[in-house]
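Student: I have a structure open and no idea where to start. Can we go through it?

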Amino acid sequence: MADSYLSKTPSASNRKTLTMSVWIKRNALGSSPIYTANTDISVDASGSFTFDGDNTLHFRSWNGSGYDFLTATDRKFTDTTSWTHIVIAQDTTQATSSNRIKIYINGEQVTKLKHSTYPSQNHDGFFNSNILHNVGRGNDAGIKFFDGHMAHFHFVDGSALAPTVFAETDSTTGEWKPIMSPSVTYGTNGFFLKFENSGALGTDSSGNSNTYTLNGSLKQSVSTPSNLFCT
């Protein structure tokens, strides 16, 4: 994505329960934001779904003076040749704290975490609030952009879903692959970015018309999780 990104300021909706599902292939290592929601760059209050500088995957909420929650994988993501499926399921209504944030990689829940500070019960996060949301752009004064490929980005408003809703194991090859038309109720702010229209890469295919605005010179790639080409 280089210095390009997609953006939208949605209406306020369910900030307790949501799901994000996306396929990623990285071009470069280091800090690389996937999806962010921020109130004001000057105060740095934000929600972040991002690769950190040490190449671990973070899902966190920073209120300007401290973390409301901070979850991060112990595993580092240093492969720049393959596609990876990531699912974040948030449900802060859960009684057990560790059930409030779940991270899945290629269909398997991540249980070994570098950071595991979970949100308080019924906490309202930044995602799904009436503030700027960015696909592929950071949310602080030292703005960074995602450098790599994305495919099949789903955002579900109001449900915490399992990865098997979005992907499945190929019965012939045994590989984890995307479900091309998953059965999903997306909710008010939900979207499905297929990135299939080279002239309108922010087009929402969920039926909600929650299309994102293109900023910069974002380019479409023919490399997908179902058809991996040399790049």
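Tutor: This is a predicted model, and we can take the sheet, the salt bridges and the cavity in turn.

Student: OK, in what order do the strands of the open sheet come?

Tutor: The order is β9-β8-β7-β2-β12-β15, six strands with antiparallel pairing.

Student: Which strands stand at the edges?

Tutor: β9 (108–109) and β15 (191–193) do. Each has a single partner strand, so one side of each has no neighbour in the sheet.

Student: And how many bridges join β2 to β7?

Tutor: Eight, between residues 17–26 of β2 and residues 84–91 of β7. Within that pairing, M20 sits opposite I88 of β7.

Student: New topic. How many salt bridges are there?

Tutor: Five in the whole structure. Side chains of opposite charge can pair when their charged atoms come close. In one of the five, K114 pairs with D54, with 2.4 Å between the closest N and O atoms.

Student: Where are those two in the chain?

Tutor: K114 is in strand β10 (residues 113–117), while D54 is in the loop between β4 (45–51) and β5 (56–62). They are 60 residues apart, so the pair links distant parts of the chain.

Student: What about D52, which residue does it meet?

Tutor: D52 meets R60 in a salt bridge, 3.3 Å from N to O.

Student: Is R60 buried or exposed?

Tutor: Buried, at 17% relative accessible area. D52, at 22%, is partly exposed.

Student: Last one: what lines the largest cavity?

Tutor: Its lining includes P10, Y35, H133 and F155. By class there are five nonpolar, three polar and no charged residues. The volume of this cavity is about 40 Å³.

Conventions:
Residues numbered from 1 in each chain as written. Predicted model: local features only at pLDDT ≥ 70, side-chain atom pairs only at ≥ 80, totals over all residues. Heavy atoms only, no water. Pairing = 2+ DSSP bridges. Helix = DSSP H or I, 4+ residues; strand = E, 2+ residues; numbered from the N terminus. 1 Å grid on protein atoms, 1.4 Å probe; cavity = no way out; pocket = protein on both sides within 12 Å on 5 of 7 lines; lining within 4 Å. Points joined across faces, edges and corners; volume = space filled by probe spheres on them. Nonpolar A, V, L, I, M, F, W, Y, C, P; charged D, E, K, R; others polar. Salt bridge = Lys/Arg side-chain N within 4 Å of Asp/Glu carboxyl O. Buried < 20%, exposed > 50% of the residue type's maximum accessible area, 1.4 Å probe, protein only.
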